[in-house]
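I opened this structure to make a first round of notes. I wanted the overall picture before any detail.

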Amino acid sequence: MNCPAMSAAPTPSSCSSSSCSSYSSFRPLPPLLPQLSNNDSQRSLHFSNLSSLSNRLLGKHSLPLRALVSSTPLNISASSVISDDAISPSSVLSGDPKIGVLLLNLGGPETLDDVQPFLFNLFADPDIIRLPPLFQFLQKPLAQFISVARAPKSKEGYASIGGGSPLRHITDAQAEELRKCLVEKNVPAKVYVGMRYWHPFTEEAIEQIKTDGITKLVVLPLYPQFSISTSGSSLRLLERIFREDEYLVNMQHTVIPSWYQREGYIKAMANLIQGELEKFGSPSQVVIFFSAHGVPLAYVEEAGDPYKAEMEECVDLIMEELDKRKITNSYTLAYQSRVGPVEWLKPYTEEAITDLGKKGVENLLAVPISFVSEHIETLEEIDVEYKELALKSGIKNWGRVPALGTEPMFISDLADAVVESLPYVGAMAVSNLEARQSLVPLGSVEELLATYDSQRRELPAPVTMWEWGWTKSAETWNGRAAMLAVLALLVLEVTTGKGFLHQWGILPSL
């Protein structure tokens, strides 16, 4: 595989954060759709009302790529940033360090028999289903209940794409191409794959890293945008593993928590979109439909998750790149794959597709913006469910941009990100988090997670006193009593193996 040279610096924003309070608007649909009003066809993305976390972490100055590490940092102030020329990758390689790169991903069931245990691992993660502290002992029983209930439908989905997820195969291929690309860039590193919810688990990758004697580690989640529920969950697991292992405590490491702003990633996405647009009869009339994996709204509003802000900025950067190529199509962003009754980020993909059909859109190009590998959410949810919905909604021509996979420009850019981070493994260039450019600073596992944990706030109590009658207070307490009763019955069934859920076949008999 050729490893094309890419610029080392991330794509700069069109305006500095100190002088620009909002990003560009979503474009209105083309004039040939007269039935659309301006209000219906235009949506603006305003970043002036970001959470306090975003405001604190969004720096006022554009800084070079930097990293925090777990070793004792140098006492360097934000005003004395190390220059890009001060340290080179070659100097890091002196002394024959053993360099490793750990790719983090979600994982997926490889056979239909893997589906239920995979789902259990997923829903047993407290960063996926967040229970109040009082009920955290129910995490695994609840995960068992949900995984068993959802397994039949999930198996149908995996059966429709060949009987299992291709995620492991694709991630392994990405790891191998990244290794080759690093070798071409004179960085002989070993690349490891650690999955969060299925084999090879992160713990397995860490054991191999220790066996190989790695002394410098770059942790690279394969999620372009940071979210507590994706990169955050994997990093939290790493944090626990590191704290309990003397070898890992002493191993220098750095984390690249998000990389959606990088030039290679943006250009690779723009290349794929441009190529798919050319397959339509009238490319300029195609609406570009970015579909991202959703997260609960509370993660953004209450826990300070920067995912929504990073996703919107990522879309803007891709469209700015297309603008340079004279591609000025209308576009929109929606969120897919919500689970449960809680409110998730909106607009929802299925509702957005239906609305576009009602407004007369006939050409739609789906872009899986938060995914770099094909898996169930692209191959079944987008390619089958959303395509069918789009055609039923009046959209005549449907297209879909493939996931990046091992696209050379994308892999080369990941390699550049690794190389750029190496000089700062073992040194802390910036001690003030407020001086950082990105919403998510590079850093050690502990430093990074501490930043987010410090911003988490407890939800206010829904009622402050007991009230009787048809009041919000009474409804709240009735709901709590019902929830406790359901949870108690669930625990009883899981522990005893008897009850109506077992009789109905929802839970397996012990």
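My entries run from the whole chain to one sheet and a helix beside that sheet.

Entry one, the chain. I noted at the start that this is a predicted model. I looked up the secondary structure and found 18 helices and 8 strands in the protein chain. I then checked burial: 53% of the 510 residues count as buried. For the accessible surface I wrote down about 23200 Å². Carbon and sulfur atoms hold 55% of that surface.

Entry two, contacts. I took the contacts between residues at least 6 apart in sequence and looked up how many reach further along the chain. Of these, 81% join residues at least 24 apart.

Entry three, the sheet. In what order do the 4 strands of the open sheet stand? I read the order as 2-1-3-4, with parallel pairing. Strand 2 (190–195) and strand 4 (252–255) are at the edges, and each has a single partner strand, so one side of each has no neighbour in the sheet. Ignoring direction, I have neighbouring strands turned by 20 degrees against each other on average.

Entry four, one pair. I followed strand 1, residues 99–105, to its parallel partner strand 2, and 6 bridges join the two. At one position of this pair, asparagine 105 is opposite methionine 195 of strand 2.

Entry five, the helix. Which strands does helix 15 lie across? I found that helix 15, residues 408–421, lies across strand 1, strand 3 (216–221) and strand 4. Against strand 3, helix 15 runs at about 140 degrees.

Key: Residues numbered from 1 in each chain as written. Predicted model: local features only at pLDDT ≥ 70, side-chain atom pairs only at ≥ 80, totals over all residues. Heavy atoms only, no water. Buried < 20%, exposed > 50% of the residue type's maximum accessible area, 1.4 Å probe, protein only. Contact = heavy atoms within 4.5 Å. Areas by Shrake-Rupley, 256 points an atom, 1.4 Å probe, with all protein chains shown as cover. Pairing = 2+ DSSP bridges. Axes fitted to C-alpha atoms, helices over the stretch in contact; angles between N-to-C directions.
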